[in-house]
Amino acid sequence: MKRKVNVLLLILTFALTGWISANDNGAGWNNAALNTASEAIYLSPLEKEIVLEINKLRSDPVRYATTYIAPLAKKYNRRLLYYPGDLPLLTREGVNALYECVRDLKKQQPLPIIYPSEGLTLAARDHVSDQSKTGRTGHQGSDRSTMRDRVERYGKWEKRIAENIAYGGKTAQQIVIYLLIDDGVRDRGHRKNFLNPDFNVVGVATGNHPQYNLMSVMDFAGGFKKTEK
C-alpha cells in the first residue's frame with residue numbers, strides 16, 4: 001500500500017511554514033510579554049499563536065533553534081520529514097536545510113518583538129478568502145492584486161512590506177518552523193522576513209484551502225496606519 005505523503009508549499013514575496021499555550025514558559029520565554037496579540041479580538045486563537053511564535057523566535061533565535069528546530073533532525077528519513085502529529089513531508093533538500101537554518105539562527109542576535117496590525121490582518125484575510133475559494137496558490141490574487149495592492153486597501157505602510165504564505169501544517173509552531181527552514185527556497189526569503197529588524201507589525205490570517213487544508217498569510221511592515229472609514 002502506498003504511503004501518504006504531505007507536501008507543503010512555501011511561497012515567497014520579498015518586498016521591495018506542537019501547539020504551545022500562552023502560558024508555556026518551559027523553554028524560558030516570557031510569554032506574558034511576547035504574547036502581543038492576546039487582546040487582538042480580530043484574530044483567531046491560531047492566528048494569535050502564530051504572532052506569539054514569531055515573537056519567541058525574534059526574542060531568542062538561538063533558544064528557538066536549539067529547542068524546537070534542531071531536535072527535528074532525528075525525524076528525517078532521507079528526504080521525508082516525520083513532523084510529530086502530521087503526515088510525512090516530502091522535502092527537496094532533506095536535513096541539510098534544517099542544519100543550515102540552525103546555524104543561521106545561532107548567529108542571529110535577538111530582535112525587537114512585533115505587534116499585530118488590524119489593517120495588515122484585513123489585507124492578509126482578503127488573500128485567504130480569495131484562495132480558499134479558488135484553490136490557487138501564490139501571491140497574486142484572482143483579481144490580479146499584489147500584496148502591495150491588498151495592503152494599501154486598508155491604509156499606509158512604513159519603511160517596507162513583505163508577505164509569507166504557508167500551505168499546509170497543523171499548528172502555529174509547525175507553520176513557523178517550516179517557513180524558517182525554507183526548504184527549496186533558494187534565498188531563504190521567508191526566514192529573512194521573520195528576522196528582518198525593520199518589521200514592527202504583522203497581520204496574520206488563516207483559513208481553509210481546497211488542496212492543502214490550511215493556509216496561512218503573514219503580512220509584515222515597518223509600521224502601518226489604518227485608514228479610518
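Biologist: At what angle do helix H2 and helix H7 pack?

Modeller: Keep in mind that we're looking at a predicted model. H2 covers residues 45-59 and H7 covers residues 172-181, and their axes sit 8 Å apart. The packing angle comes out at about 50 degrees.

Biologist: Which orientation class do H2 and H7 fall into?

Modeller: Take the angle between them, about 50 degrees. The roughly parallel class needs an angle under 35 degrees, and the roughly perpendicular one runs from 65 to 115. The H2 and H7 pair fits neither, so the two helices are oblique.

Biologist: And what is the handedness of the crossing where H2 passes H7?

Modeller: That one reads straight off the geometry of the pair. H2 goes past H7 in a crossing that is right-handed.

Biologist: How many nonpolar residues are in the contact of H2 with H7?

Modeller: On the H2 side you've got Leu46, Glu49, Ile50, Glu53, Ile54, Lys56 and Leu57, and they meet Ala172, Gln173, Ile175, Val176 and Leu180 of H7. Sort that set by type and 1 is polar and 3 are charged. The nonpolar count is 8.

Biologist: Is Thr206 buried or exposed?

Modeller: Thr206 belongs to strand E7, residues 201-209. Its neighbours from further along the sequence include Leu46 and Ile50, plus Val128, Leu214 and Met215. The relative accessible area of Thr206 is 18%, and the cut-off is under 20%, so Thr206 counts as buried.

Biologist: How are H3 and H4 oriented, roughly parallel or roughly antiparallel?

Modeller: H3 spans residues 61-69 and H4 spans residues 95-107; their axes come within 7 Å and cross at roughly 150 degrees. Angles over 145 go in the antiparallel bin, so H3 and H4 are roughly antiparallel.

Biologist: Which residues of H4 make the contact with H3?

Modeller: The H3 and H4 crossing is left-handed. From H3, the contact uses Pro61, Val62, Ala65, Thr66 and Ile69. By type, the contact residues of the two helices split into 8 nonpolar, 1 polar and 1 charged. The H4 partners are Leu98, Cys101, Val102, Leu105 and Lys106.

Biologist: Zooming out, what share of the residues in the protein is buried?

Modeller: The fold has 8 helices and 8 strands. About 11,000 Å² of the protein is exposed, with carbon and sulfur atoms supplying 50% of that area. Out of 229 residues, the buried share is 55%.

Key: Residues are numbered from 1 along each chain as its sequence is written. This is a predicted model: local features need pLDDT of at least 70, side-chain atom pairs count only at pLDDT 80 or more; totals for chains, interfaces and linings use all residues. Side-chain values use heavy atoms; hydrogens and water are left out. Axes are lines fitted to C-alpha atoms, for helices over the stretch in contact, and angles run from 0 to 180 degrees between N-to-C directions. Helices (H or I, at least four residues) and strands (E, at least two) are DSSP runs, numbered from the N terminus. A crossing is left-handed if the near helix is turned anticlockwise from the far one by less than a right angle, and right-handed if clockwise. Contact means heavy atoms within 4.5 Å. Ala, Val, Leu, Ile, Met, Phe, Trp, Tyr, Cys and Pro count as nonpolar, Asp, Glu, Lys and Arg as charged, and the others, Gly among them, as polar. Buried means under 20% relative accessible area, exposed over 50%, partly exposed in between (1.4 Å probe, protein chains only). Accessible areas come from the Shrake-Rupley method with a 1.4 Å probe; for residues, only the protein chains shown count as cover. Lists of a residue's contacts leave out its neighbours within four places in sequence.
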